[in-house]
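User: Could you take a close look at one part of this model for me, the nonpolar patch on its surface? I'd like to see how that patch sits in the rest of the fold.

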Amino acid sequence: MMRYFKWGIARLILEPDVCPDIVPMWIEGNEQIMHESRSWPRFVPRVNKRCGIWFGENVAGGGGGGGEAGGYTVFDELRRKWRELVEDDERKEGRSFAMGVLSDGLKYGPEAVELREECTRQVRRAVLAVRRKRGLPDEDPKEGLVETWRLEGGGSGKREGKMKDGSWVKEA
């Protein structure tokens, strides 16, 4: 099961001057090597376990056209909309923002939030395509929604460790 993707991924794609290469990948078996629950004195990874990594094709990047057949991609459109939002916000604020600095409008505004959510959905779709090529079945579409995981930890504010649904979360 793959959780929803966080907004940091969207920021890495939307904010730079040049769109980065976006190569989706699927990693399988890492929990057998080093499960999140392992701690001292068992923090050393297990040996003789199998792990696989599968890579997809670059789905965007290269400055607007490295994706599907070298043409225009959904990420180019999302980046265009993001640049428009930033320019509008800078005009309203009367100043330019340094790279990585966002106004409240760009952090919490409905259009900005929707753009980041759509960007993470597109990245997740690309990863799921690699998963599908691996021969694994499609997962329940609601697994990729923030709302599915909102009540994590039983409302106790728990952010790391074993969750109510049996999954493990580790903040990086």
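Analyst: Going from the N terminus, the elements run α-β-α-β-α-α-α-α-β-β, which gives six helices and four strands in this predicted model. The protein has 172 residues, and 34% of them count as buried.

Now to the patch. Val23, Met25, Ile27, Ile53 and Phe55 make up a nonpolar surface patch of about 450 Å². Two strands stand out here: strand 1, residues 25-28, and strand 2, residues 52-55, each supply at least two of the patch residues.

Let's take one residue from each strand. Ile27 sits in strand 1. With a relative accessible area of 37%, Ile27 is partly exposed, because that value falls between the 20% and 50% cut-offs. Over in strand 2 we find Phe55. Its relative accessibility is 56%, so Phe55 is over the 50% mark and counts as exposed. Phe55 also has a partner from far back in the sequence: Pro24 is 31 residues away along the chain, yet the two C-alpha atoms are 6.0 Å apart in space.

What about the stretch leading into strand 2? The loop between helix 2 (30-33) and strand 2 holds Asn48, and its backbone is worth a glance. Most residues other than glycine have a negative phi. Asn48, though, has a positive phi, near 60°, and isn't a glycine. Asn48 is exposed too, since its relative accessible area of 79% is over 50%.

For contrast with the patch, have a look at the second largest pocket. The space in there comes to about 280 Å³. Its lining takes in 17 residues, and Glu15, Trp82, Val86, Glu90 and Met99 are the ones nearest the pocket centre. Helix 3, spanning residues 74-93, gives the largest share of that lining, with six residues. Sorted by class, the pocket lining holds 10 nonpolar residues, six charged ones and one polar one.

So, back to your patch: strands 1 and 2 each bring at least two residues to it. Of the two members we looked at, Ile27 is partly exposed and Phe55 is exposed.

Notes: Residues are numbered from 1 along each chain as its sequence is written. This is a predicted model: local features need pLDDT of at least 70, side-chain atom pairs count only at pLDDT 80 or more; totals for chains, interfaces and linings use all residues. Side-chain values use heavy atoms; hydrogens and water are left out. Patches are made of residues with over 30% relative accessible area and no salt bridge: like charges are joined within 9 Å, nonpolar side chains (Val, Leu, Ile, Met, Phe, Trp, Tyr) within 5 Å. Accessible areas come from the Shrake-Rupley method with a 1.4 Å probe; for residues, only the protein chains shown count as cover. A salt bridge is a side-chain nitrogen of Lys or Arg within 4 Å of a carboxyl oxygen of Asp or Glu. Buried means under 20% relative accessible area, exposed over 50%, partly exposed in between (1.4 Å probe, protein chains only). On a 1 Å grid over the protein atoms alone, a cavity is a set of points where a 1.4 Å probe fits but cannot get out, and a pocket is an open set with protein on both sides within 12 Å along at least five of seven lines; lining residues have an atom within 4 Å of a point. Grid points are joined across faces, edges and corners, and a volume is the space filled by probe spheres set on the points. Ala, Val, Leu, Ile, Met, Phe, Trp, Tyr, Cys and Pro count as nonpolar, Asp, Glu, Lys and Arg as charged, and the others, Gly among them, as polar.
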